[in-house]
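Hi,

Here is the structure I said I would pass on to you. Have a look at it first, and then read my notes below.

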Amino acid sequence: MNANPLKNLRVSKYQIPPHNLIPNTSIQHHPLLIYHSAFPFTASASAIESHLHKIGVVTPQWRFTMYSTTHFHSSSHEVLAISNGKAKLCFGGEANPKNVEPVVEKGDVIVVPAGVGHRLLEDIEGGFEMVGSYPTGKQWDMCYGREKEKEKIEGIQELKWFDRDPIYGQEGPVLNIS
């Protein structure tokens, strides 16, 4: 199984300002990216994982839904490939007036820069599942926008951005974000 052709891909890009102690895209200024229908609707979680391994930019680490509590990662960017269902998510923090609340579905991929708060708002069809992946060699942490996490947040500035696209390899949206 391959990803849908890059020439047909529709991508949404969002810059989300900080809110309280959730930095969102304010540190590295890499946008939240949603690749709409990156994978065929028939793609299984196993097929998505195989594709990600073949491209070799990120390593799949789990299959699960999204937590219903706003959280972010300070130690790694995150790639979320929707492997089942449809859901409304929140990026940026639910109290942030400039948050983003997209509906995503099976086949979509979300590139979440380190520091971007995210949570599940509604599992629309039941059984919402994602393949969660991180740049090869990186481990993810959990942050919740608490005062004691300020040192972790400062470390986001040092994280390397992708030098290859996690879905398309040598070309793709993460390489064209300016």
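**Strand E4 and its two partners**

Let me start with a pair of strands: strand E4 (residues 78-84) and strand E9 (residues 129-135) run antiparallel and are joined by five bridges. Before going further, please keep in mind that this is a predicted model. Within that pair, Ile82 of the one strand sits opposite Met130 in E9.

E4 also has a partner in strand E7 (residues 109-112), again antiparallel, with four bridges between them. Here you can look for Val79, whose bridge partner in E7 is Val111. Is E4 mostly covered or mostly open? It is mostly covered, as six of its seven residues are buried.

**The six-stranded sheet**

Those strands belong to an open sheet of six, in the order E1-E2-E7-E4-E9-E3, and the pairing is antiparallel. Which strands stand at the edges? They are strand E1 (10-14) and strand E3 (58-64), each of which pairs on one side only. From one strand to the next, the twist averages 20°. As general background, strands in a sheet pair through backbone hydrogen bonds, in either a parallel or an antiparallel way.

**The helix across it**

H1 lies across E3, E4 and E9, and it runs at about 165° to E3. A residue to click on here is Glu49, which is placed in helix H1 (residues 45-55). Is Glu49 buried or exposed? With a relative accessibility of 17%, Glu49 counts as buried, because the cut-off for that is under 20%. If you set aside its neighbours within four places in sequence, Glu49 is in contact with Pro60, Arg63 and Val131. Pro60 and Arg63 fall within the range of strand E3 (58-64), and Val131 falls within strand E9 (residues 129-135).

**The three-stranded sheet**

There is also an open sheet of three strands, ordered E6-E5-E8, with antiparallel pairing. Strand E6 (103-105) and strand E8 (118-123) are at its edges; each has a single partner strand, so one side of each has no neighbour in the sheet. Neighbouring strands of this sheet are turned by 40° against each other on average, ignoring direction.

Strand E5 (residues 86-91) pairs with E6 over three bridges, in the antiparallel sense. To find your way there, use Lys88, which stands opposite Val103 in E6.

**Empty space: a pocket and a cavity**

How much space lies in the largest pocket? About 170 Å³. Its lining is made up of 13 residues, and the closest to the pocket centre are Pro135, Lys160, Trp161, Phe162 and Asp163. Sorted by class, the lining of this pocket has five nonpolar, four polar and four charged residues.

As for cavities, searching the whole structure turns up one of 30 Å³ or more. The largest cavity holds about 50 Å³ of space. Its lining consists of Asn24, Thr25, Ile27, Gln28, His29, His30, His77, Pro113, Ala114 and Ile156. By class, that makes four nonpolar and six polar residues, with no charged ones in the lining of the largest cavity.

**Two loop residues with positive phi**

Most residues other than glycine have a negative phi. Two residues here are worth a look with that in mind.

His29, which you met in the cavity lining, has a positive phi near 65°. His29 lies in the loop between E1 and strand E2 (32-36). At 52% relative accessibility it counts as exposed, because the cut-off for that is over 50%.

Ser37 has a positive phi too, at about 55°, although it is not a glycine. You will find Ser37 in the loop between E2 and H1. Its relative accessibility is 38%, and Ser37 therefore counts as partly exposed.

**After the second helix**

Last on my list is Gln170, found in the segment after helix H2 (150-154). Gln170 is exposed, with a relative accessible area of 63%. Beyond its neighbours within four places in sequence, Gln170 is in contact with Arg164 and Leu175. How far apart are the C-alpha atoms of Gln170 and Ile110? They are separated by 18 Å, and the two residues are 60 residues apart along the chain.

Cheers

Methods
Residues numbered from 1 in each chain as written. Predicted model: local features only at pLDDT ≥ 70, side-chain atom pairs only at ≥ 80, totals over all residues. Heavy atoms only, no water. Helix = DSSP H or I, 4+ residues; strand = E, 2+ residues; numbered from the N terminus. Buried < 20%, exposed > 50% of the residue type's maximum accessible area, 1.4 Å probe, protein only. Contact = heavy atoms within 4.5 Å. Pairing = 2+ DSSP bridges. Axes fitted to C-alpha atoms, helices over the stretch in contact; angles between N-to-C directions. 1 Å grid on protein atoms, 1.4 Å probe; cavity = no way out; pocket = protein on both sides within 12 Å on 5 of 7 lines; lining within 4 Å. Points joined across faces, edges and corners; volume = space filled by probe spheres on them. Nonpolar A, V, L, I, M, F, W, Y, C, P; charged D, E, K, R; others polar.
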